[in-house]
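Q: I've got this predicted model open in front of me. Could you take a close look at how its charged and aromatic side chains pair up, and at the strands that go with those pairs?

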Amino acid sequence: MPVISFDEASRTWLVPTPNSAYALRLGDDGVLRHLYWGPSLSVEQAATVPAPVPLTANRSERREHDVEELPVEGGARFGVPAVQVRFADGTRGLELVHTGHTIEGGQLRIAFADRHYPLAVDLHYRVHDDSDVIERWTTITNTGDREDRKSVV
């Protein structure tokens, strides 16, 4: 089974398959970005891949690579969000903060939570030893009490 790994110093995850690798990095701004997808490499090599520059850093510079792994509605984002929510008070934006990750066998879970509302967003990645397919899915959980559960639409 391919071994998913994490380089703490660079905050880089490597999701390997038998013939390829997919890498993600948590930026200094707290945003998870796609870093690499291509031929196999080690987590040490992935850690040396230059970090994508956030689009807001220098709009005049042309860049080929600045892909948020999970763009949400809110903040200075103007593209199509992958996640949109509306809370009972009318708030629509999310302010996700990284809360941790787990690696179990061939599965990676990267956890986020909204800064103000009781909402958790987890990104999941799964690999298999006989395929180059990477399964990816998102779970969204209301983490409030029963009364708060009405607040997420």
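**Side-chain pairs and their strands**

A: Let's start with Glu135, which makes a salt bridge to Arg126, with 3.3 Å between the closest N and O atoms. Both partners are partly exposed: Glu135 has a relative accessible area of 29%, and Arg126 has 27%. Keep in mind throughout that this is a predicted model. That pair is one of six salt bridges found in a search of the whole structure.

Two more are worth zooming in on. Asp28 forms a salt bridge with Arg11, and here the closest N and O atoms are 3.7 Å apart. Asp28 sits in the loop between E3 and E4, while Arg11 sits in the loop between E1 and E2, so the contact ties together parts that are 17 residues apart in sequence. How exposed is Asp28? Its relative accessibility is 82%, so Asp28 counts as exposed. Arg11, at 28%, counts as partly exposed. Arg11 also has a backbone detail to look at: in the hairpin of E1 and E2, with four residues between the strands, Arg11 takes a positive phi near 55 degrees.

The other one is Arg33 with Asp29, where the closest N and O atoms are 3.0 Å apart. Here the arginine is the covered partner: Arg33 has 6% relative accessibility, which is under the 20% cut-off, so Arg33 counts as buried. Asp29, in contrast, is partly exposed at 43%.

Now for the rings. The count comes to four aromatic pairs. One of them is Phe6 with Trp13, a tilted pair with 4.7 Å from centre to centre and 35 degrees between the planes. Phe6 is partly exposed, with a relative accessible area of 27%, whereas Trp13 is buried at 0%. Another pair is Phe87 with Tyr117: the ring centres are 4.0 Å apart and the planes are at 15 degrees, so this one is stacked. Phe87 lies in the loop between helix H1 (43-47) and strand E5 (96-104), and Tyr117 lies in the loop between strand E6 (107-114) and strand E7 (119-127), so the stack ties together parts that are 30 residues apart in sequence. Phe87 is buried, at 2% relative accessibility, while Tyr117 is partly exposed at 22%. Ring pairs also link Tyr22, Trp37 and Tyr125 into a cluster.

Back to Phe6 and Trp13, as this pair leads straight to the strands. The two rings pair, and the two residues are bridge partners as well, with Trp13 sitting in E2. Strand E1 (residues 5-7) and E2 run antiparallel, with three bridges between them.

What makes E2 stand out? Five of the five residues of E2 (residues 12-16) are buried, so the strand is largely enclosed by the rest of the structure. Look along E2 and you'll see Thr12, Leu14 and Pro16 pointing one way, with Trp13 and Val15 pointing the other way. Next comes strand E3 (residues 20-26), which E2 meets in the antiparallel sense over five bridges. Thr12 faces Arg25 of E3 across that pairing, and a hairpin of three residues connects E2 to E3.

Put those strands together and you get an open, antiparallel sheet of four strands in the order E1-E2-E3-E4. The edges are E1 and strand E4 (32-39), each paired on one side only. On average, neighbouring strands in this sheet are turned by 20 degrees against each other, ignoring direction. As a reminder, strands of a sheet pair through backbone hydrogen bonds, in parallel or antiparallel fashion.

Finally, zoom out. The protein has one helix and eight strands, running β-β-β-β-α-β-β-β-β from the N terminus. Of its 153 residues, 37% are buried. The accessible surface comes to about 8800 Å², and carbon and sulfur atoms account for 51% of that. As for long-range packing, take the contacts between residues at least 6 apart in sequence: 36% of them join residues at least 24 apart.

Definitions and conventions. Residues are numbered from 1 along each chain as its sequence is written. This is a predicted model: local features need pLDDT of at least 70, side-chain atom pairs count only at pLDDT 80 or more; totals for chains, interfaces and linings use all residues. Side-chain values use heavy atoms; hydrogens and water are left out. Buried means under 20% relative accessible area, exposed over 50%, partly exposed in between (1.4 Å probe, protein chains only). Contact means heavy atoms within 4.5 Å. Accessible areas come from the Shrake-Rupley method with a 1.4 Å probe; for residues, only the protein chains shown count as cover. Two strands pair if DSSP finds at least two bridges between them. Axes are lines fitted to C-alpha atoms, for helices over the stretch in contact, and angles run from 0 to 180 degrees between N-to-C directions. A salt bridge is a side-chain nitrogen of Lys or Arg within 4 Å of a carboxyl oxygen of Asp or Glu. Rings of Phe, Tyr and Trp (its six-membered ring) pair if their centres lie within 6.5 Å; planes under 30 degrees apart count as stacked, over 60 as edge-to-face and the rest as tilted.
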